[in-house]
Amino acid sequence: MKSNVNKIILLCLVLFTLMIIIGYFLWAILIPIQDFDLIDSKEQLRTRKELVLNYTLGENLLHIGFISSLILLILNQVMAIKNKFVKQLLYLKIGYNFRFFKFFFQSS
C-alpha cells in the first residue's frame, strides 16, 4: 500500500512540475526586448500579453502547478507524521501488553 502511495505522489509531482514548466513557457516572453526598463508597468503588461503565446493559460498553469505541488508535499508530510505517531502508539500498546504477559507468566 505504501509503495502505491509513493508512486502516486511521485507521478503527481512529475505532472505538477511539467505543468509549471509548460506554464512558464506560455507565460514568459521568449524574444529579447530592447529598452524594457523605459516602459511603465501598464504598458509593460500590455506588451507582455501581446508577445507571449498564451498569457492567461500560462499564468494559471503556473499557479495551479505551484499550489498543487505545495499541497501534495504538505499532505505527504502530514501522512508521514501520522504514520510515525500510529507506529509509536502501536509499539507502546504492544510493548505494555508484552511486559504484562511476561511478568504474569514469570510469577506463576
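The paragraphs below lead through this predicted model, from its overall layout to its core, its surface and its charged pairs.

Beginning with the overall layout, the protein is built from three helices and has zero strands, so that a reader who follows the sequence meets the pattern α-α-α. Helix 1 covers residues 2-27 and helix 3 covers residues 55-107, while helix 2 covers residues 41-51. Of the 108 residues in the protein, 18% count as buried, a word that here stands for a relative accessible area under 20%. The accessible surface comes to about 9,300 Å², and 70% of that surface belongs to carbon and sulfur atoms. If one considers the contacts in the protein with a separation of 6 or more, residues 24 or more positions apart account for 76% of them.

Which residues make up the largest nonpolar core? This core has six residues, namely Ile9, Phe16, Met19, Leu26, Leu61 and Leu72. Helix 1 and helix 3 each supply at least two residues of this core, and helix 1 gives the most, with four residues. As a general background, nonpolar side chains in soluble globular proteins tend to be buried together. One member of the core, Leu72, can be followed in more detail: when residues up to four places away in sequence are not counted, Leu72 touches Ile9, Cys12, Leu13 and Phe16. Two of these partners, Ile9 and Phe16, are themselves listed in the core.

Nonpolar residues can also be found on the outside of the model, where Leu10, Val14, Leu18, Ile21, Ile22, Tyr24, Phe25, Leu30 and Leu53 form a nonpolar patch on the surface, with about 910 Å² of accessible area together. Val14 may serve as an example from this patch: it lies in helix 1, and it counts as partly exposed because its relative accessible area is 45%, a value in the range between under 20% for buried and over 50% for exposed.

Two other members of the patch, Tyr24 and Phe25, lead on to the aromatic rings, of which the structure holds two pairs. In the pair made by Tyr24 and Phe25, the arrangement is edge-to-face, with 5.9 Å centre to centre and 65° between the planes. Both of these residues are partly exposed, Tyr24 at 43% relative accessibility and Phe25 with a relative accessible area of 44%. Tyr24 also pairs with Trp27, and this second arrangement is tilted, with 6.2 Å centre to centre and 50° between the planes. Because Tyr24 and Trp27 are three residues apart in helix 1, about one helical turn separates them. Trp27, at 24% relative accessibility, counts as partly exposed as well. Taken together, Tyr24, Phe25 and Trp27 form one aromatic cluster.

Trp27 also appears in the surroundings of Asn54, a residue that, leaving aside its neighbours within four places in sequence, is in contact with Leu26 and Trp27. Asn54 lies in the loop between helix 2 and helix 3, and it counts as partly exposed at 32% relative accessibility. Although Asn54 and Leu26 are 28 residues apart along the chain, their C-alpha atoms are separated by 5.3 Å. Leu26 is one of the core residues described earlier, which gives the reader a place to look from the loop back to the core.

The last feature to follow is charge, and in general, side chains of opposite charge can pair when their charged atoms come close. How many salt bridges does a search of the whole structure find? The search finds two. In one of them, Arg46 pairs with Glu43, and the closest N and O atoms are 2.3 Å apart; these two residues both lie in helix 2, three residues apart, which is about one turn of the helix. In the other, Glu50 pairs with Arg46, again with the closest N and O atoms 2.3 Å apart, and because Glu50 and Arg46 are four residues apart in helix 2, they are separated by about one helical turn. Since the salt bridges share partners, Glu43, Arg46 and Glu50 are joined into one network. Within this network, Arg46 is partly exposed at 41% relative accessibility and Glu43 is partly exposed at 30%, whereas Glu50 is exposed, with a relative accessible area of 52%.

Definitions and conventions: Residues are numbered from 1 along each chain as its sequence is written. This is a predicted model: local features need pLDDT of at least 70, side-chain atom pairs count only at pLDDT 80 or more; totals for chains, interfaces and linings use all residues. Side-chain values use heavy atoms; hydrogens and water are left out. A nonpolar core is a set of buried Ala, Val, Leu, Ile, Met, Phe, Trp, Tyr and Cys residues joined through side-chain atoms within 4.5 Å. Buried means under 20% relative accessible area, exposed over 50%, partly exposed in between (1.4 Å probe, protein chains only). Contact means heavy atoms within 4.5 Å. Accessible areas come from the Shrake-Rupley method with a 1.4 Å probe; for residues, only the protein chains shown count as cover. Patches are made of residues with over 30% relative accessible area and no salt bridge: like charges are joined within 9 Å, nonpolar side chains (Val, Leu, Ile, Met, Phe, Trp, Tyr) within 5 Å. A salt bridge is a side-chain nitrogen of Lys or Arg within 4 Å of a carboxyl oxygen of Asp or Glu. Rings of Phe, Tyr and Trp (its six-membered ring) pair if their centres lie within 6.5 Å; planes under 30 degrees apart count as stacked, over 60 as edge-to-face and the rest as tilted.
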